[in-house]
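Biologist: Could you walk me through this one slowly? I would like to learn how each label is earned.

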Amino acid sequence: MNKVFPGENDYAAAGPKAHPGGEGDVPQSLPHFLVAHCGDPASWIYSDQKCDGTNNCGDCSDELSPVTVCPRCGPGWWHCPSTFFKYCDCISRRLCRDHIQHCSDWSDEYACPGP
C-alpha cells in the first residue's frame with residue numbers, strides 16, 4: 001500500500017522524489033489505469049494488486065469492496081468467513097493443513113482439503 005500525504009499545494013506521495021504535479025508525483029504522474037484507490041482515500045495500490053487474494057490496502061478494500069468486482073475464490077483458493085493477516089476472504093490452498101491458523105474458524109486446518 002502506498003500513501004499520499006498533503007503537500008504544500010496539493011497531495012504528494014512519500015519519498016524524496018515526490019514533487020506535486022511533477023515527475024515523481026505518484027500516483028498523479030501515472031496513467032489512471034495503473035492506479036487503484038483503497039478505502040482510505042490517502043492510500044493507493046497498483047491496479048495489478050487488485051483481486052490478487054492479498055490484502056494490499058490493509059482494509060481489504062482491494063479485495064472485498066463493492067466497487068472492486070473480484071471473482072470468488074478460484075480453484076487454488078479456500079474461502080474463509082474471515083481471515084487473519086494478509087488475506088481477505090480466501091487463502092491459498094497451500095496454506096491449508098499447515099498447522100497455522102489462517103481462517104478465524106480454523107476451517108483451513110480442519111475442513112480445507114489442501115492443495
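Modeller: Let's start with a definition: helices (H or I, at least four residues) and strands (E, at least two) are DSSP runs, numbered from the N terminus. A111 lies in the segment that follows helix 2 (107-110). This is a predicted model, where local features need pLDDT of at least 70, side-chain atom pairs count only at pLDDT 80 or more, and totals for chains, interfaces and linings use all residues. Residues are numbered from 1 along each chain as its sequence is written, and side-chain values use heavy atoms, leaving out hydrogens and water.

Biologist: Why is A111 called partly exposed?

Modeller: Buried means under 20% relative accessible area, exposed over 50%, and partly exposed in between (1.4 Å probe, protein chains only). A111 has 46%, so A111 is partly exposed.

Biologist: What is the C-alpha to C-alpha distance between A111 and C96?

Modeller: They are 8.7 Å apart in space and 15 residues apart in sequence.

Biologist: How do you know that D62, which is buried, has no salt bridge?

Modeller: A salt bridge needs a side-chain nitrogen of Lys or Arg within 4 Å of a carboxyl oxygen of Asp or Glu. For D62, the nearest side chain of opposite charge (Lys and Arg count as positive, Asp and Glu as negative; His and the chain ends are not counted) is K50, 9.6 Å away, so D62 has none.

Biologist: And where is D62 found?

Modeller: D62 sits in helix 1 (residues 61-64). Its side chain reaches the backbone nitrogen of N56 at 3.1 Å and that of C57 at 3.3 Å.

Conventions. Polar contact = N/O pair within 3.5 Å; in protein donor to acceptor, adjacent residues only side chain to side chain.
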